[in-house]
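Pull up the model in your viewer and keep the sequence alongside. Let's take a walk through it together.

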Amino acid sequence: MMPGAGRAVEDLLAEVAQLKEHDLPVRGGQVTAYVYDTGRPEVNDAATRAYLEMLEVNCLDPTAFPSVVMMERQVVGAVADLLGGGHGIFTSGGTESIMLAVKAARDLAGRARPNLVLPVTAHPAFHKAAHYLGVEVVAVPVDLETYEVRARDVERAMDEDTILVVASAPSYPQGVIDPIEEIGAVVAGVPFHVDACVGGWLLPWLREAGAAIPPFDLSVPGVTSISCDLHKFGYAPKGASVVLFADPAMRRKAYFASAAWPGYTVINATVQSSRSAGPLGGAWATLQALGREGYLELGRATLAATALLREGIAAIPGLRVLGEPAASLVAFAGDGIDVFVLADEARARGWFLQPQLSYAGIPANLHITVTGVTLSGVEAMLKVIAESARAARERGPAVLPGGLVELVAGLDLEALDDATFADLAASVGVDLRPGSGQPEMAVVNAVLDALPVAVREAVLVRFLSVIYGT
Ligand SMILES: Cc1ncc(COP(=O)(O)O)c(C=O)c1O
């Protein structure tokens, strides 16, 4: 792997381009998840240049690099101004913001057997935080018409060991906003985190553009913390999120200090210790390059595209939008159409629609995150969805090899070696060797969909270990 002699930069960049050959495109709006595109190259340019300018600055020691403190105060301040005040931390993403919110709540409560109460639609980052931090998860079902959690169900699920209640604004899967004010009214002093990783830097602009957005931020009584990802609808390069705490004492519980060794003193606001200031520079520059007017315009475009998309999908025979998406995340299920087959058909036409497995009474569906760039291509997107729906209806549902699901469900995945797992994947047409290209995912998704959640997770872990190899 390592060359004997160092290589020239052009040579390296050519190889990078080659390695990226099979990646989904990050711009242009044909990938409806993972990436957020303003459609404005000058904004990307500003972000990239500021990112590179800050790349080698280390956030580890703010006394050595005061630019970090000044930039972070500005970025966090902008988020606080938009979301009802509070005291914040710039983090690497939604997961880290959530990790810190759960840590702060756990350390504040000091319970022996802490639990956190969340809707089944909450992002897995909470399960991850709970897993890492030794907190139990109490999951509350959502209303299967609206996909929102009910405040009374949340209240019922809480007990004296509940250290945190969670709700989403909006939830990722169906893009609906949980009833934040109603939940705030029942938490009775227990910390309440609003996951606005998606909506924090989106809902205020949609509201200003005319959408009916209920109060959801730190100004709502009962809400004690909120997360807002700038690398989503802030359109900043990846590695940018903010968590805000209403009470500075709670923010201090998110911090970590250690003087218990003979080296430099450690004081971290985040999970990471040494950390590039590149993402902070990128986020700062993106906010500055777009300004309020830029975000408002993007909000208007996003709203218009979402309305067209919702109407368009509802008009396609066999498809239905799930719930009443409040923001710009739209999920649709199929009646008589296998949506996983539809996704493969769309992929073959150059569009990525994100499959979501059935869970907790919610049917399998496809997810689309509408961003600033979507409006210019929404008619093309609808045409592809309609064509793909027709093709999927004609093809019929994915056919699984007989007995496969039972076989996988009965496997001891811990005992299986990687080669046997790779053979098993090959039997459903999935070649896990590097560079082998894109398999038909409908069968894979159908298998996963038919498995119990714990087996799905075990299969996914094994998949990762096989693709990364040694
Ligand atoms: C609602 C919500 N919360 C949290 C996250 C986690 O964010 P990240 O991937 O930045 O860690 C996501 C990601 O999609 C999300 O949609």
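We'll begin at the ligand, then look at two helices and finish with a single residue.

Keep in mind as you go that this is a predicted model. Start by selecting what surrounds the ligand: you should pick up Gly-93, Gly-94, Thr-95, Ile-98, His-123, Tyr-172, Asp-195, Cys-197, Val-198, Asp-229, His-231 and Lys-232. Sorted by class, that shell has 4 nonpolar, 5 polar and 3 charged residues. Helix H4, which covers residues 94–109, supplies the largest share of the shell, with 3 residues.

Now for the polar contacts. Asp-195 has a side-chain N or O atom 2.6 Å from a nitrogen atom of the ligand. On the oxygen side of things, Lys-232 places a polar side-chain atom 2.9 Å from an oxygen atom of the ligand, while for Asp-229 the distance from a polar side-chain atom to a ligand oxygen is 3.4 Å. As for how covered the ligand is, it would expose 390 Å² taken alone, and the protein buries 83% of that.

Next, scroll to helix H2, residues 41–54. With 14 residues at 1.5 Å a residue, H2 should span 20 Å, and its end C-alpha atoms are indeed 20 Å apart, so the two values agree. Which residues of H2 are buried? They are Val-43, Ala-47, Ala-50 and Met-54. These buried residues cover an arc of only 75° around the axis, which means they sit on the same side of H2. Flip to the face turned away from that buried side and you'll find the exposed residues Pro-41, Glu-42, Arg-49, Leu-52 and Glu-53.

Helix H16, residues 453–468, can be read in the same way. Its 16 residues should span 22 Å at 1.5 Å a residue, and the end C-alpha atoms are 23 Å apart, which agrees. Buried in H16 are Val-455, Arg-456, Val-459, Arg-462 and Val-466. Here the arc around the axis is only 130°, so these residues too lie on the same side of H16. The face of H16 turned away from its buried side carries Ala-454, Val-461 and Tyr-468, which are exposed.

One last stop: Val-339, in helix H11 (residues 339–348). Is Val-339 buried or exposed? With a relative accessible area of 4%, Val-339 counts as buried, because the cut-off for buried is under 20%. If you jump along the chain from there to Pro-397, you cross 58 residues in sequence, yet the C-alpha atoms of Val-339 and Pro-397 are 8.5 Å apart in space.

Note on methods: Residues are numbered from 1 along each chain as its sequence is written. This is a predicted model: local features need pLDDT of at least 70, side-chain atom pairs count only at pLDDT 80 or more; totals for chains, interfaces and linings use all residues. Side-chain values use heavy atoms; hydrogens and water are left out. A residue is near a molecule or strand if one of its heavy atoms lies within 4 Å of it. A polar contact is a pair of N or O atoms within 3.5 Å; within protein, one must be able to donate a hydrogen and the other to accept it, and residues adjacent in sequence count only if both atoms are side-chain atoms. Accessible areas come from the Shrake-Rupley method with a 1.4 Å probe; for residues, only the protein chains shown count as cover. Helices (H or I, at least four residues) and strands (E, at least two) are DSSP runs, numbered from the N terminus. Ala, Val, Leu, Ile, Met, Phe, Trp, Tyr, Cys and Pro count as nonpolar, Asp, Glu, Lys and Arg as charged, and the others, Gly among them, as polar. The expected span of a helix is 1.5 Å times one less than its number of residues. Buried means under 20% relative accessible area, exposed over 50%, partly exposed in between (1.4 Å probe, protein chains only). The arc is that of the directions from the helix axis to the C-beta atoms.
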